[in-house]
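Let's take a walk through this protein, from the overall picture down to a few individual side chains. Have the model open and follow along.

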Amino acid sequence: MFKKPWVQSLAGIVAIILLLIGALLYKVVTTRVTIDLSMIEAPIINIGPQNEGILQSVYVNAGDVVTKGEPLAQVGGEVLSAQINGQVITVQNAPGQVFMPGATVVSMIDPTQLRVVGTIDENKGLSRIKIGDSVAFTVDAFGSSVYTGVVDEISPTSDTTGVAFSISDQRPTKQFDIKVAYDIASHPEFKNGMSAKMSIYPK
């Protein structure tokens with residue numbers, strides 16, 4: 001049967017297709033950049049008094065969704081209000097405690113600003129990552145389910161608190177944040193602070 005010309009031609013075509021698929025998979029695997037330690041997060045907005053005072057009342061709880069201008073707490077005679085529409089993530093609910101100017105009483109986020117944020121060493125593929133690159137990511141809380149996004153931001157400067165050292169010569173290796181945007185409306189189950197893992201596919 002295998003001596004028939006059409007069978008040999010078909011086998012050759014299949015072999016070529018398999019080789020092409022193998023080459024494509026090899027390219028994808030060798031060019032992707034993986035960041036294991038990632039997290040879903042949004043910039044935190046800390047709200048505190050402008051003047052020293054005693055915490056009189058707290059009007060919200062962690063998890064509450066608030067609107068801009070909504071009262072959050074009262075310190076002395078000062079009412080602390082939400083600066084944006086968002087969600088409360090932490091509250092210092094300790095009436096009677098003295099708070100100094102700028103001390104945080106309530107922390108909140110804007111859920112529309114949630115991103116998958118990962119930190120990468122400058123020598124682990126940073127130079128190959130560009131804005132708009134495709135990203136596949138998993139969220140620890142949801143097992144092996146794979147979600148998609150795109151690189152939205154690459155930090156313009158290194159994270160000064162995240163400095164690793166090369167074992168060979170003890171030179172400091174700077175780290176940079178990569179932020180990935182995803183369809184927030186389609187994934188309300190993603191919460192600020194959830195752990196994730198991302199694979200970036202440079203174009």
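First, a bit of vocabulary: a residue is buried when its relative accessible area is under 20%, exposed when that area is over 50%, and partly exposed in between, using a 1.4 Å probe and protein chains only. By that yardstick, buried residues account for 32% of the 203 residues here. Keep in mind that this is a predicted model, where local features need pLDDT of at least 70, side-chain atom pairs count only at pLDDT 80 or more, and totals for chains, interfaces and linings use all residues. Residues are numbered from 1 along each chain as its sequence is written, and side-chain values use heavy atoms, with hydrogens and water left out.

Now the fold. You'll find one helix and 15 strands, both taken as DSSP runs numbered from the N terminus (helices are H or I, at least four residues; strands are E, at least two). A contact means heavy atoms within 4.5 Å. Of the contacts with a separation of 6 or more, 67% are between residues 24 or more positions apart. The accessible surface is about 12300 Å², with 57% of it belonging to carbon and sulfur atoms; such areas come from the Shrake-Rupley method with a 1.4 Å probe, and for residues only the protein chains shown count as cover.

For a look at one spot in the core, try valine 135 in strand β11. Valine 135 has a relative accessible area of 3%, so it is buried. Its C-alpha atom is 5.7 Å from that of serine 199, although the two are 64 residues apart along the chain. Leaving out residues up to four places away in sequence, valine 135 touches a list of residues that includes Tyr147, Val180 and Ser199.

Threonine 157 makes a nice contrast. This residue sits in the loop between β12 and β13 (163-165), and with a relative accessible area of 54% it is exposed. The C-alpha atoms of threonine 157 and lysine 174, 17 residues apart along the chain, are 9.2 Å from each other.

On to the rings. Rings of Phe, Tyr and Trp (its six-membered ring) pair if their centres lie within 6.5 Å; planes under 30 degrees apart count as stacked, over 60 as edge-to-face and the rest as tilted. The structure has six aromatic pairs. In one of them, phenylalanine 137 and tyrosine 147 have ring centres 5.6 Å apart and planes at 35°, so the pair is tilted. Because phenylalanine 137 lies in strand β11 (residues 134-139) and tyrosine 147 in strand β12 (residues 146-154), this pair ties together parts ten residues apart in sequence. Phenylalanine 137 is buried at 1% relative accessibility, and tyrosine 147 is buried at 12%.

Tyrosine 147 also pairs with phenylalanine 190: the ring centres are 4.9 Å apart and the planes at 85°, so this pair is edge-to-face. Here the link is between distant parts of the chain, 43 residues apart, with phenylalanine 190 in the loop between β14 (172-181) and β15 (195-201). Phenylalanine 190 is buried too, at 3% relative accessibility. Ring pairs join Phe137, Phe142, Tyr147, Tyr182 and Phe190 into a cluster.

Where else does Phe190 turn up? Phe190 is among the residues nearest the centre of the largest pocket, along with Gln87, Pro111, Leu114 and Lys191. The lining of this pocket divides into eight nonpolar, four polar and one charged residue, and strand β7 (residues 86-91) gives the most to it, with three residues.

Notes
1 Å grid on protein atoms, 1.4 Å probe; cavity = no way out; pocket = protein on both sides within 12 Å on 5 of 7 lines; lining within 4 Å. Nonpolar A, V, L, I, M, F, W, Y, C, P; charged D, E, K, R; others polar.
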